[in-house]
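Q: Hi! Could you walk me through this structure?

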Amino acid sequence: SPTLPDSEQREACIAAATGTALARERGLTDLPARVEKLWMDDATAALAKNAVTFARLPITDLVASDGYLAHLRAKGYTVEAPDQVE
């Protein structure tokens, strides 16, 4: 799948930060997974509580085959694509 230019840089930055000895000593090697779990927990709570919920994410994280929308679908949420503008 295509990536946006900054997504590769962001991934390299995350890998560099979590691959350091300091990160390993502090247990931060799974930082991306922790962030994803926290976001999913908060999103699930917001969706249950609010009639309308808004979230801002990088589009690549949202629509990737293992992205946030895929995780919401797996939890049983219905995800609809926006209407196409012609």
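A: Happy to; we can start with the overall fold and then turn to a pocket and a ring pair.

A: This is a predicted model, where local features need pLDDT of at least 70, side-chain atom pairs count only at pLDDT 80 or more, and totals for chains, interfaces and linings use all residues. Residues are numbered from 1 along each chain as its sequence is written, and side-chain values use heavy atoms, with hydrogens and water left out.

Q: Great. How many helices and strands does the protein chain have?
A: The protein chain has five helices and zero strands (DSSP runs numbered from the N terminus: H or I of at least four residues for helices, E of at least two for strands).

Q: And what share of the residues is buried?
A: Of the 86 residues in the protein chain, 12% count as buried. Buried means under 20% relative accessible area, exposed over 50%, and partly exposed in between, with a 1.4 Å probe and protein chains only.

Q: Switching topic: how much space lies in the second largest pocket?
A: About 440 Å³. A pocket here is an open set of points on a 1 Å grid over the protein atoms alone, where a 1.4 Å probe fits, with protein on both sides within 12 Å along at least five of seven lines; lining residues have an atom within 4 Å of a point.

Q: Which residues lie nearest its centre?
A: Of the 20 lining residues, those are Trp-39, Leu-62, Leu-69, Leu-72 and Val-79.

Q: Which helix gives the most to that lining?
A: α3, with five residues. Both α3 (31-49) and α5 (68-74) supply at least two each.

Q: Any aromatic pairs to look at?
A: The structure holds one aromatic pair. Trp-39 and Tyr-68 form it, tilted, at 4.5 Å centre to centre with 55° between the planes. Trp-39 sits in helix α3 and Tyr-68 in helix α5, 29 residues apart. Rings of Phe, Tyr and Trp (its six-membered ring) pair if their centres lie within 6.5 Å; planes under 30 degrees apart are stacked, over 60 edge-to-face, and the rest tilted.

Q: Is Tyr-68 buried or exposed?
A: Tyr-68 is buried, at 10% relative accessible area, while Trp-39 is partly exposed at 21%.

Methods
Grid points are joined across faces, edges and corners, and a volume is the space filled by probe spheres set on the points.
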